[in-house]
Amino acid sequence: MWPASTAGWPPATGAPASSARKSRSRSRSHCLGAYREDGAQVGFARVISDRASFAWLADVWVDEGVRGQGIGRRLASWFVEHPDYAGIRRFGLTTADAHGVYAALGFKPLARPDRLMERLSPAFAAIMEAGE
């Protein structure tokens, strides 16, 4: 399954995740793919949610050969507009370089960044500190 075969999945971790970890992350998520007419996968996104108050848009991937065609925006939009997520109070995500894509769907910088905290694994914290 793509992006399972994509080197570096998940992004910004410094090393590819094991097949078991990839499978576990997808099994607890709502996944969506984008495909060419010939069946080749060119996009992937997933949401992690309790489907009541919180959702996290994760791992939006678009094949380099088709980027800039709105595929990522359509994947994200599909989740934002999906009835399962209609009553969600907070839909979150992180992005390094696609702020405009998500802003067009109503995403904004954190309303109260002073209230958001995170707990990173030691390995991931080291990667973040190194600026990767």
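Is R36 buried, exposed or partly exposed? In this predicted model, R36 is partly exposed, with a relative accessible area of 44%. Let's look at what R36 does with its side chain, and then move on to the sheet.

**Charged pairs**

A bit of background helps here. Side chains of opposite charge can pair when their charged atoms come close. Searching the whole structure turns up 4 salt bridges. R36 takes part in one of them: its partner is D38, and the closest N and O atoms sit 2.8 Å apart. D38 is exposed, at 56% relative accessible area. That value counts as exposed because the cut-off is over 50%.

Another of these pairs joins R51 and D84, again through a nitrogen and an oxygen, at 2.8 Å. Where do R51 and D84 lie? R51 is in the loop between strand 2 (41–49) and strand 3 (54–62), while D84 is in the loop between helix 2 (71–81) and strand 4 (90–92). The pair therefore ties together parts that are 33 residues apart in sequence. As for the surface, R51 is partly exposed, with 42% relative accessibility, and D84 is partly exposed too, with 32%.

R112 and D114 make a salt bridge as well, with 3.4 Å between the closest N and O atoms. Here R112 is partly exposed at 42% relative accessible area, whereas D114 is exposed at 57%.

Here are the three pairs side by side:

| Salt bridge | Closest N to O distance |
|---|---|
| R36 and D38 | 2.8 Å |
| R51 and D84 | 2.8 Å |
| R112 and D114 | 3.4 Å |

**The sheet**

Now for the strands. In general, strands of a sheet pair through backbone hydrogen bonds, either parallel or antiparallel. How many strands form the open sheet in this model, and in what order? There are 4 strands, in the order 1-2-3-4, and the pairing is mixed. Strand 1 (30–35) and strand 4 are the edge strands, since each pairs on one side only. Going from one strand to the next, the twist averages 20 degrees.

Zoom in on strand 1 and strand 2: they run antiparallel and are joined by 6 bridges. If you'd like a spot to find in the structure, try G33, whose bridge partner in strand 2 is F44.

What packs on the sheet? Helix 2 does, touching strand 1, strand 2, strand 3 and strand 4. The direction of helix 2 makes about 145 degrees with that of strand 1. Helix 2 also turns up in the R51 and D84 story, as D84 lies in the loop between helix 2 and strand 4.

Key: Residues numbered from 1 in each chain as written. Predicted model: local features only at pLDDT ≥ 70, side-chain atom pairs only at ≥ 80, totals over all residues. Heavy atoms only, no water. Salt bridge = Lys/Arg side-chain N within 4 Å of Asp/Glu carboxyl O. Buried < 20%, exposed > 50% of the residue type's maximum accessible area, 1.4 Å probe, protein only. Helix = DSSP H or I, 4+ residues; strand = E, 2+ residues; numbered from the N terminus. Pairing = 2+ DSSP bridges. Axes fitted to C-alpha atoms, helices over the stretch in contact; angles between N-to-C directions. Contact = heavy atoms within 4.5 Å.
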